[in-house]
Amino acid sequence: MSNKVVFKKSASRPAQRARDVDADVDSEPSTADTPLSLASRLKSKAKRAQPKSRLSFGVDDEAAEEPSFQIKKSSLSRKLTLGSHPACVSLPATLDQATISTHSNGAPVYDQAYLSELRASTYSARPPTNNDIYDTVIPSQSRIVAAKERRERLRVGTAEQEQDYISLSVTKLPDISQGPHPESRLMREEDEVGEGDDEYAEYTSAQERIALGKKARKAEASKRRDTMKEMIAEVVDEDEETLEWEREQLRRGGHDPASASGPTPVKQIYKPVRIPPATDIPALGPAIERFQRSLASLSDSHALNTDAINSLAEQRTELDTRETELRSMIAAAESKRGWFAEFKDWVESVATFLDEKFPRLEKLEEEYLSVLKERAEMIARRRNADDEDDLSVVFGTIPKPSAELDMADELHRTLPTTNSIVLRRERRTARVARRTRRYTGKTPLDADGREEGYSTDSSLTQSDALDYQQALERIAADGKDILSDVRSVEFKDPSRGLAKWFGEWRERYGDSYIGAWGGLGLVGAWEFWVRLEILGWNPFEACSLDQFAWYSSLYQYSRPPDQGENTDEPELGPDGDIVSAMISTAVTPRLCKMLEVGALDPYSAMDIRRMIDLAEQVEASVGTDSNKFQMILKSVHTLLDSATTSAEDLLSPFVKLNHPPFDPEAVPARERLLSRAVKLLENMLRWRKYIADKHAVGRLCTRLVNDYILRIAEGGWEVGGERKVCQVTN
């Protein structure tokens with residue numbers, strides 16, 4: 001038996017991870033261990049080691065430097081390792097000292113037991129490769145030194161505690177790789193299979209090698225040619241379906257080789273053609289008739305074809321005309337769509353503008369109405385005070401109730417009451433001063449001819465008049481500031497914005513304009529500028545409606561110029577009179593509000609005349625039966641009724657007293673009371689004449705005469721009362 005040891009280098013195989021035995025690693029090698037026993041222990045450790053990675057990167061440097069060997073041993077050598085053979089008496093300490101024992105003469109010992117064992121261990125056939133071959137790895141010197149150092153570090157206690165077993169705990173180990181998905185416990189297919197380079201290496205030329213030698217290049221070329229031939233053979237090879245399809249195509253084309261190679265056709269036998277019987281030669285007459293009939297049928301067919309051609313030509317002409325019309329309609333529809341898109345954008349900008357400006361305008365309108373109301377209340381209080389003074393002189397002073405205490409100032413001085421002599425004298429002086437100032441610069445006839453008390457006396461004092469004028473100027477300035485931040489001319493002047501767009505709409509698309517009530521839309525949009533223009537307008541002091549700029553602009557818009565006829569007055573457009581719609585929408589509600597706050601003075605003949613003129617304009621625009629016009633009439637009637645009721649309420653307590661003192665001022669005081677009452681009656685009669693006794697204005701006149709004028713005139717019938725009553729009846 002040879003003593004030569006065979007080493008075989010084998011590739012690393014993947015093995016399951018097993019629990020390492022600390023005794024195999026940590027225990028130091030004893031000097032008494034034989035080399036074979038040491039190799040056996042190292043072999044078992046190598047089996048439990050991790051398989052070598054197939055990657056060309058990421059491999060431990062220390063493991064890469066260590067060579068790996070495998071030892072192939074027979075059963076006899078394994079028994080020798082265990083020391084069971086009788087020939088194994090004593091083994092050397094090292095491998096270098098190992099020799100085969102001999103006799104003193106140098107010959108080996110061959111006894112019967114040794115030969116029997118040798119014969120039993122000798123195989124008659126090839127030994128199995130899977131069970132009897134063991135791989136043994138001899139550690140290198142560097143690995144032994146590393147194991148000793150690690151053992152020393154563990155002994156000292158400075159090394160990190162490593163686990164050489166598979167832990168059942170779910171805690172993460174920081175020194176063990178958690179894989180590409182540490183948060184998941186599932187094994188992914190790409191992690192288990194590996195990279196795609198190894199899987200698809202056959203298609204990516206990753207396994208090809210470059211031929212360097214002459215023979216290698218020749219073999220590579222030969223292999224390439226064989227591959228090309230195989231590919232060509234695969235392409236040329238036809239399957240059964242392809243051949244069947246080709247045969248079917250040939251058969252359909254009449255070139256079927258199978259039919260050509262079919263049975264032999266039967267030989268045809270000659271058969272002579274049968275000679276037709278002789279016919280008579282046609283005569284000239286029937287032939288001419290036949291030709292005439294053919295000519296007539298051809299003429300009819302030609303006429304039909306001509307008519308068909310003419311009808312087709314007409315249809316083509318109609319189709320061309322229809323196509324032209326459709327194209328023009330499409331172009332017109334596209335133009336209409338584009339124009340309405342621009343018009344919509346402009347209308348939205350106008351709506352945004354009105355949403356921003358309208359609240360400021362409404363606030364200024366409320367302020368103007370409050371100013372007019374304050375002025376009317378001041379005039380009414382002063383007129384009632386004058387009437388009360390005159391009634392006190394005529395009928396006597398009404399005694400003050402005992403429960404009412406005298407008013408005192410901050411120095412505890414008693415203030416004069418309302419009907420005291422001092423206040424009456426002061427008011428009388430102020431009234432004379434106003435009368436003198438009012439008639440300054442006029443002729444003496446006008447100043448003396450008009451009796452005292454007949455004048456309206458609705459003028460304010462100098463301080464009140466100055467405050468009133470300043471309030472009107474401030475409201476007018478605030479109204480101009482509404483458009484101070486506007487730079488576009490279309491938004492400043494509606495005749496250049498609204499009138500232009502709506503006029504273009506009416507001119508280009510009249511049917512759509514009429515169907516959408518474009519005129520009313522124009523009125524609704526133009527209302528802001530109309531209300532802004534009449535913001536500080538007092539119809540009883542300023543101009544009439546036809547003098548405003550909006551009136552003339554809407555008048556011209558309602559009557560578009562007609563190019564065909566040259567007339568002085570153009571006719572109304574399709575949307576009617578826009579001016580009347582604007583008066584009904586914006587002017588009439590504004591006028592009713594001013595009448596409610598007392599802008600109209602019922603004692604002023606000038607205000608009544610202007611009211612009649614304004615009512616005539618509104619009536620001419622909106623009509624007599626219009627609800628807006630009836631609202632104006634009702635507002636005026638409410639104002640006249642309020643004036644009559646106020647006069648009756650003022651007279652009632654004095655008539656109940658009826659204790660007239662002797663006072664020389666009683667006669668002129670009665671004259672002033674009756675003059676003011678007659679003035680109110682004349683204004684009511686003038687208004688009744690205009691409205692033809694609508695809203696029961698005649699009853700108001702009768703009530704004023706019976707309940708106010710006659711009661712005052714009866715106390716001084718001989719000293720002017722009779723004359724005033726005769727003036728009323730006449």
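## Rings and charges: worked exercises

The charged end of R506 sits over the ring of Y557, 4.2 Å from its centre; a charge counts as over a ring if NZ of Lys or CZ of Arg is within 6 Å of the ring centre and within 35 degrees of the ring normal. This is a predicted model, in which local features need pLDDT of at least 70, side-chain atom pairs count only at pLDDT 80 or more, and totals for chains, interfaces and linings use all residues. Residues are numbered from 1 along each chain as its sequence is written, and side-chain values use heavy atoms, leaving out hydrogens and water.

**Exercise 1.** Find the ring whose face R375 lies over.

*Solution.* Start at R375 and look for the ring below its charged end. The ring belongs to Y468, and the distance to the ring centre is 5.4 Å.

**Exercise 2.** Place R531 in the fold, then work out its surroundings.

*Solution.*
- Step 1: R531 is part of helix α19, residues 518–533 (helices are DSSP runs of H or I, at least four residues, numbered from the N terminus).
- Step 2: R531 counts as buried because its relative accessibility is 16% (buried means under 20% relative accessible area, exposed over 50%, partly exposed in between, with a 1.4 Å probe and protein chains only).
- Step 3: Leaving aside residues up to four places away in sequence, R531 touches F358, L361, E362, E365 and A586 (contact means heavy atoms within 4.5 Å).
- Step 4: With E365, R531 also makes a side-chain to side-chain polar contact of 2.6 Å (a pair of N or O atoms within 3.5 Å; within protein, one must be able to donate a hydrogen and the other to accept it, and residues adjacent in sequence count only if both atoms are side-chain atoms).

**Exercise 3.** Classify the aromatic pair F343 and W505, and say why it joins remote stretches of sequence.

*Solution.*
- Step 1: Apply the rule: rings of Phe, Tyr and Trp (its six-membered ring) pair if their centres lie within 6.5 Å; planes under 30 degrees apart count as stacked, over 60 as edge-to-face and the rest as tilted.
- Step 2: Here the centres are 5.4 Å apart and the planes make 50°, so the pair is tilted.
- Step 3: F343 belongs to helix α12 and W505 to helix α17, so the pair ties together parts 162 residues apart in sequence.
- Step 4: Check burial: F343 is buried at 8% relative accessible area, and W505 is buried at 7%.

**Exercise 4.** List the aromatic cluster that contains F343 and W505.

*Solution.* The cluster is made up of W339, F340, F343, W346, W501, F502, W505, Y509 and Y513.

Note on methods:
Helices (H or I, at least four residues) and strands (E, at least two) are DSSP runs, numbered from the N terminus.
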